[in-house]
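This report concerns one helix, one pocket and one loop residue of the structure shown below. Each is described in turn.

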Amino acid sequence: MACFAQQIITTSRSSSVGCLLPPACSSSFTTSSQYSPPQLKSQFHGLKLSLNSSSSSFTHFSKTPLRVYAAKVNKGSVPPSFTLKDQDGKNVSLSKFKGKPLVVYFYPADETPGCTKQACAFRDSYEKFKKAGAQVVGISGDSSDSHKAFAKKYRLPYTLLSDEGNKVRKEWGVPSDLFGTLPGRQTYVLDKNGVVQLVYNNQFQPEKHIDETLKLLQSL
């Protein structure tokens, strides 16, 4: 997301221009008593955001630049192993899937509109994933019971894993959206050797995760 400049009026003869940056950029900040909330245009889905000037997280800036936290799992890397409970309460390890391509998609929460749409899109294309020899695993911070109800309600034929506490999400470095207020929606495609071949992030167009992963799988 590109940074945008805002003029900060001072009482001296000259004025200074500061640059307020979202987490994708890095700069220092200046505090202004006449700060007016700007609008941001989200890179995800044209979503406009308004920064609340009454919020201390945006009006009381420190001199420390924002830090960019890059994903720990990137293309060409081998992700950290994990063992999580599935929708039936059984332990499932990442190593179980080695030998076949694997799609691992992290999503914010069960039963939310975007996540339901994404889950059903994976369901509707499940035969295509099977034809490509791939397995599908969804991961969120919901409990196994929540996953069980979610899978049953929408007839999801694949595994859902419970990452309560978001430990695996953090270890894989899945970025959050909307200034850290929304868990990220990120999909990884691992080849049969467990090496990541695709990292795809798109919070507000959940169905595109299916298109991108199938496109990659068909080229493996």
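In this predicted model, the buried residues of helix α2 pack against three helices and three strands, set out below: α3, α4 and α6, together with β7, β8 and β10.

| Packing partner of the buried residues of α2 | Residues |
|---|---|
| β7 | 102–106 |
| α3 | 126–131 |
| β8 | 135–140 |
| α4 | 144–154 |
| β10 | 186–190 |
| α6 | 208–217 |

The residues of α2 that are buried are Cys115, Thr116, Gln118, Ala119, Cys120, Ala121, Phe122 and Arg123. Helix α2 itself covers residues 113–124, 12 residues in total. From its first C-alpha to its last, α2 reaches 16 Å, close to the 16 Å expected at 1.5 Å a residue.

The second largest pocket has a volume of about 190 Å³. Its lining comprises 13 residues, and those nearest the centre of the pocket are Leu94, Ser95, Lys98, Leu190 and Gly194. Sorted by class, the lining of this pocket contains six nonpolar, four polar and three charged residues.

Lys75 is situated in the loop that runs between α1 (56–59) and β5 (83–86). Is Lys75 buried or exposed? Lys75 has a relative accessible area of 62%, and because this value is over 50%, the residue counts as exposed. Leaving aside residues up to four places away in sequence, Lys75 touches Val196, Gln197 and Val199. Of these contacts, Val196 is 121 residues from Lys75 along the chain, yet the C-alpha atoms of Lys75 and Val196 are separated by 5.0 Å.

Methods. Residues are numbered from 1 along each chain as its sequence is written. This is a predicted model: local features need pLDDT of at least 70, side-chain atom pairs count only at pLDDT 80 or more; totals for chains, interfaces and linings use all residues. Side-chain values use heavy atoms; hydrogens and water are left out. Helices (H or I, at least four residues) and strands (E, at least two) are DSSP runs, numbered from the N terminus. Buried means under 20% relative accessible area, exposed over 50%, partly exposed in between (1.4 Å probe, protein chains only). Contact means heavy atoms within 4.5 Å. On a 1 Å grid over the protein atoms alone, a cavity is a set of points where a 1.4 Å probe fits but cannot get out, and a pocket is an open set with protein on both sides within 12 Å along at least five of seven lines; lining residues have an atom within 4 Å of a point. Grid points are joined across faces, edges and corners, and a volume is the space filled by probe spheres set on the points. Ala, Val, Leu, Ile, Met, Phe, Trp, Tyr, Cys and Pro count as nonpolar, Asp, Glu, Lys and Arg as charged, and the others, Gly among them, as polar. The expected span of a helix is 1.5 Å times one less than its number of residues.
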